[in-house]
Amino acid sequence: LSGEAVYRTPSGHTHPDEWGAFLQAVIPIPGTQRFYFVGYHERFKAAEPDVTANIDSLGITFVPHPAVKIKLEHRGGQHNGPLAPDGWFASFSMLL
């Protein structure tokens, strides 16, 4: 379980404040040693455009080696189009 929060006040107050937070859970899939369920929720209040987005993501991560991760996820939400559009995403990461 991990999470993060941020709050930003621009200098000069030319734009409204921005803030956001997320919470993520990663759970091993029973009976496997290399697959994990990943669930994610984020809420972000943007200054430009002036919207508050709710973003949810569900996915599966495959870990063929401790330094390599391959993830397939589906993201969806409300008022999130300009910030993080809905759809299927794949990612590959490697720790060197």
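This passage walks through selected contacts, pairings and surface features of the structure shown above. The model is a predicted one, and the values given here are computed from it.

Charged pairs make a convenient starting point. Side chains of opposite charge can pair when their charged atoms come close. A search of the whole structure turns up two salt bridges. One of them joins Arg8 to Glu18, with 3.0 Å between the closest N and O atoms. This pair links distant parts of the chain, since Arg8 belongs to strand β1 (residues 2–8) and Glu18 to strand β2, ten residues apart. The partners differ in their surroundings: Arg8 is partly exposed because its relative accessibility is 43%, which lies between the limits of 20% and 50%, whereas Glu18, at 17%, counts as buried. The other salt bridge is formed by Lys71 and Glu73, whose closest N and O atoms are 3.6 Å apart. Here Lys71 is partly exposed, with a relative accessible area of 22%, while Glu73 is buried at 17% relative accessibility.

Glu73 also leads to Ser57, a residue of strand β4 (residues 52–65). The side chains of Ser57 and Glu73 make a polar contact at 2.4 Å. Glu73 therefore takes part both in this polar contact and in the salt bridge with Lys71. What places Ser57 among the buried residues? Its relative accessible area is 6%, and buried means under 20%, so Ser57 falls within that class. Once residues up to four places away in sequence are set aside, Ser57 touches Val38, Gly39 and Tyr40, as well as Glu73, His74 and Arg75.

Thr61 offers a companion view of the same strand, β4. Its relative accessibility of 8% makes Thr61 a buried residue. Beyond its neighbours within four places in sequence, Thr61 is in contact with Arg34, Phe35, Tyr36 and Val38, and also with Lys69, Ile70 and Lys71. Val38 thus appears among the contacts of Ser57 and among those of Thr61. Lys71, the salt-bridge partner of Glu73, is likewise one of the residues in contact with Thr61.

Aromatic side chains come next. A pair of aromatic rings is described by the distance of the centres and the angle of the planes. The count of aromatic pairs comes to two. One of them consists of Phe22 and Tyr40, whose ring centres are 5.3 Å apart and whose planes meet at 25 degrees, so the pair is stacked. Because Phe22 lies in strand β2 and Tyr40 in strand β3 (residues 35–45), the pair ties together parts that are 18 residues apart in sequence. Are these two residues buried, partly exposed or exposed? Phe22 is partly exposed at 24% relative accessibility, and Tyr40 is partly exposed at 23%. Tyr40 is also one of the residues that Ser57 touches.

On the surface, Ile27, Phe35, Phe37 and Ile60 form a nonpolar patch with about 360 Å² of accessible area together. Ile27 is part of strand β2, which spans residues 18–28. Phe35, another member of this patch, is among the residues in contact with Thr61.

The loops add some further detail. In the loop between β5 (68–78) and β6 (87–94) sits Leu83, which is partly exposed at 33% relative accessibility. Leaving out neighbours within four places in sequence, Leu83 contacts Phe44, Ala46, Val51 and Ala53. The C-alpha atoms of Leu83 and Pro49 are 9.0 Å apart in space, although the two residues are 34 apart in sequence.

His79 is found in that loop between β5 and β6 as well. Most residues other than glycine have a negative phi. The phi of His79, however, is positive, with a value near 60 degrees. His79 is exposed, at 58% relative accessibility.

Thr14, finally, is located in the loop between β1 and β2. With 63% relative accessibility, Thr14 counts as exposed. How far apart are Thr14 and His65 in space? From C-alpha to C-alpha the separation is 48 Å, for residues that are 51 apart in sequence.

Methods. Residues numbered from 1 in each chain as written. Predicted model: local features only at pLDDT ≥ 70, side-chain atom pairs only at ≥ 80, totals over all residues. Heavy atoms only, no water. Patch = residues over 30% accessible without salt bridge, like charges linked within 9 Å, V, L, I, M, F, W, Y side chains within 5 Å. Areas by Shrake-Rupley, 256 points an atom, 1.4 Å probe, with all protein chains shown as cover. Salt bridge = Lys/Arg side-chain N within 4 Å of Asp/Glu carboxyl O. Helix = DSSP H or I, 4+ residues; strand = E, 2+ residues; numbered from the N terminus. Buried < 20%, exposed > 50% of the residue type's maximum accessible area, 1.4 Å probe, protein only. Polar contact = N/O pair within 3.5 Å; in protein donor to acceptor, adjacent residues only side chain to side chain. Contact = heavy atoms within 4.5 Å. Phe/Tyr/Trp six-rings, centres within 6.5 Å; stacked < 30°, edge-to-face > 60°.
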